[in-house]
Amino acid sequence: MIRQETVTHPMLVTLALALGGFAIGVAEFATMSILPFFSEDFGVSEAIAGRAISAYALGVCVGAPLIALGAARVSRRGLLVVLMSAYALANGLSAVAPSWEMFLATRFAAGLPHGAFFGVAGLMAASLVPPERRARAVASVLTGLTVANVVGVPLANLFGAQLGWRWTFAFVVPLAACCALFVRLLAPKLEATAEASPLRELSTLKSRQVWLTLAIGAIGTGGMFCIYSYLASVVIEYAGEPKTVVPLMLMIFGIGMTCGQFIFGWLADKNQMGAAAIALSLAVAMMLAFWAVADNVWLMAPVLLVLGCSGGLGSVLQTRLMTLAEDAPTLSAALNHSAFNFANALGPWMGGIALAAGAGWPSVGLVGAGLGLAGMVVLAITALDARVRGPGRRHGLAAG
């Protein structure tokens with residue numbers, strides 16, 4: 001499939017890739033926390049300012065498949081360097097955008113490399129370890145994204161509050177640039193074979209199993225994003241806590257997500273479908289618990305910790321897609337992040353419908369649990385389809 005060079009320091013390569021995930025996590029999640037600042041600066045309402053977040057998500061959904069297809073024959077190292085260089089440039093342009101329209105355009109541009117980076121970075125990390133450690137390698141890359149919620153977002157938010165919101169995006173530029181530099185210096189080139197092509201990548205989309213796996217993430221994780229999006233409002237307006245409590249709750253959630261990547265990465269190396277079932281079951285239970293304890297932050301904190309842990313489902317599904325489409329995995333791996341951004345839009349939208357109907361702030365927990373249960377239904381259909389279609393590849397998966 002690929003010609004691989006000898007890797008002297010595979011752990012350093014993985015750390016370099018995780019740094020890219022950290023940069024992306026800071027830019028993506030910190031934008032939500034500084035929304036009131038750039039809203040005021042550009043003279044638009046907060047409702048309109050939210051379009052910057054939507055523009056970024058749209059960029060992810062558009063960029064992931066287009067870049068994966070267009071760069072099918074490009075070496076993975078070269079592609080990762082270009083993607084992170086482009087990410088640094090786009091966030092730098094966001095930091096100096098002179099108008100609301102230009103800012104919106106730069107957020108869309110910043111989203112374009114997101115999905116392709118995580119897809120290709122996961123493939124590279126998996127190629128550096130034995131097959132039985134692939135899921136843990138993918139999880140290590142995604143850990144950068146989760147650690148950003150614990151450390152990077154509070155720091156970026158501090159910059160935004162003390163120095164101005166533009167410094168939040170300026171903070172991302174050196175992080176992304178350092179990732180590009182370290183990948184160029186440390187990573188193997190991993191040349192694609194002559195058989196690699198956009199048509200070969202597209203052929204993976206003939207697999208019903210690939211589409212079902214993408215649907216698990218697109219639906220099942222929507223509930224987690226629903227709670228994350230409305231968490232600040234629940235803490236302040238329903239639980240009656242001061243605004244200073246919100247960063248602590250978000251940090252606890254981020255710690256859970258970081259732990260979940262390692263836990264479910266390990267579980268996925270044992271049994272991918274089993275790990276996915278555990279993650280979704282855990283998420284549903286915790287979202288129901290969130291609904292029950294939404295008025296008490298002391299009880300909410302452990303719930304958020306465990307709910308964040310269930311976010312390890314991302315690395316499980318990423319590894320599963322790599323297994324299903326191992327002959328041409330770039331597109332399916334990149335599409336996984338498009339699916340998660342779809343979930344990031346679906347969850348808050350459905351939560352908003354419940355709130356508009358007067359269901360009250362705790363209802364986002366019930367909405368989230370409903371989406372989690374829907375994800376479990378898709379997972380069950382996926383497992384049944386794999387079984388009906390006969391023995392698959394490793395971990396009992398049918399490629400379709």
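**Exercise 1. How many salt bridges does the structure hold, and which helices does the Arg166–Asp41 pair tie together?**

Step 1. Apply the criterion: a side-chain nitrogen of Lys or Arg within 4 Å of a carboxyl oxygen of Asp or Glu. The structure holds 3 salt bridges. This is a predicted model: local features need pLDDT of at least 70, side-chain atom pairs count only at pLDDT 80 or more, and totals for chains, interfaces and linings use all residues. Numbering starts from 1 along each chain as its sequence is written, and side-chain values use heavy atoms, without hydrogens and water.

Step 2. Take Arg166 and Asp41; their side chains form a salt bridge at 3.8 Å, N to O.

Step 3. Place the partners. Arg166 is in helix α8 and Asp41 in helix α2 (residues 35–42), so the pair links parts 125 residues apart in sequence. Helices are DSSP runs (H or I, at least four residues), numbered from the N terminus.

**Exercise 2. Describe how α15 and α16 cross and meet.**

Step 1. Helix α15 spans residues 313–324 and helix α16 residues 330–356. Their axes come within 8 Å and cross at roughly 150°. Axes are lines fitted to C-alpha atoms over the stretch in contact; angles run from 0 to 180 degrees between N-to-C directions.

Step 2. List the contacts (heavy atoms within 4.5 Å). Gly314, Leu317, Gln318, Leu321 and Met322 of α15 meet Ser332, Ala333, Asn336, His337 and Phe340 of α16.

Technical notes
Helix = DSSP H or I, 4+ residues; strand = E, 2+ residues; numbered from the N terminus.
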